[in-house]
Amino acid sequence: MSEQVESSGSYDADGIDQLEAIWGEGFMSPGGAGEVGRIVAGAGVADADVLDIGCGTGGAAFTLAIEHRAQSVTGVDVEPFVVDRATTLARERGQNERVRFIVVEPGPLPFADGSFDVVFSKDAIIHVQDKKALYAEACRVLRSGGRLRVSDWLRGEGDDLDPFVDTFVADSGEKFYMQTLAQLGAVVSSIGFVDVEVEDRCEWYANEAQNELARLRGPLRDHFLARFDQAFYDATVRFWERAVASTQRGVLRPGHVRARKP
């Protein structure tokens, strides 16, 4: 991966359980299998060899293998804990022959040129500072005609982060490197990808985040208080309140990019 990929070390058991309680087992970002399907629409995943960059605990990889019939899915992540958890899920689901998960070090991807038909990533490249280097690696490991399908957390237009997003980022405890949708498209095009398309998903997530917050305040409250303490639950609710406000203001804007290697 890019030399600027950072391992936050914050994805421990509590952090993963928090996210999976809201987004579903194996998912560390919103939308579940439905959003995975939207990202890869038209990519020809069936019978393809797929690389999942920033695979987390494997939810997207299993969706690509089972629902979209990928021939193989290789998930990579810099966090050993999440890779161990994804590998365990693969065994439990009987998918360990078609789906594998690998811990990678920061730096170039450990694959030969032209190893994959599709490079996929869901909401993980926000952690990468040198995005051009990462997309260059994605292009390198794709076969000719291969497809790039990425979703990521983005920011609104303008030179600086809105102060509201600054607070959101600080509360997350993570290192986020956010760009605009236009910048994302420009970076991908600069690498040499063609047929580059971008899609703003802000309106969708603004509604989704409100639903997540309602579930946190309602049916998930007892689950959180049984698993965590009151302070952890309260902090989670506050974080989601800021996520809702940020997307409603349009300063936190998830988006997709689709492209093809010539």
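This report covers strand pairing and two residues with positive phi in a predicted model.

## Strand E5 and its partners

Strand E5, residues 142-152, pairs with strand E4, residues 116-122. The sense of this pairing is parallel, and it runs over 6 bridges. Within it, valine 119 stands opposite leucine 148 of E5. Between E4 and E5 the chain passes through helix H5, residues 131-141. The resulting β-α-β crossover is right-handed.

E5 also pairs with strand E7, residues 255-260. Here the sense is antiparallel, again with 6 bridges. One of the residue pairs in this pairing joins two arginines: arginine 149 has arginine 258 in E7 as its bridge partner. Leucine 148, opposite valine 119, and arginine 149, paired with arginine 258, thus give one reference position for each pairing. In general, side chains in a regular strand alternate between the two faces of the sheet.

## Arginine 69

Arginine 69 is not a glycine, yet its phi is positive, at about 60°. The residue sits in the loop that links helix H3 (59-66) to strand E2 (72-77). Is arginine 69 buried or exposed? Its relative accessible area is 54%, and the cut-off for exposed is over 50%, so arginine 69 counts as exposed.

## Aspartate 195

Aspartate 195 is likewise a non-glycine residue with positive phi, in this case about 55°. Where is aspartate 195 found? Aspartate 195 belongs to strand E6, which spans residues 194-200. Arginine 69, by comparison, lies in a loop.

Definitions and conventions:
Residues are numbered from 1 along each chain as its sequence is written. This is a predicted model: local features need pLDDT of at least 70, side-chain atom pairs count only at pLDDT 80 or more; totals for chains, interfaces and linings use all residues. Side-chain values use heavy atoms; hydrogens and water are left out. Helices (H or I, at least four residues) and strands (E, at least two) are DSSP runs, numbered from the N terminus. Buried means under 20% relative accessible area, exposed over 50%, partly exposed in between (1.4 Å probe, protein chains only). Two strands pair if DSSP finds at least two bridges between them. A crossover is right-handed if, with the strands pointing away from the viewer, the path from the first strand over the helix to the second runs clockwise.
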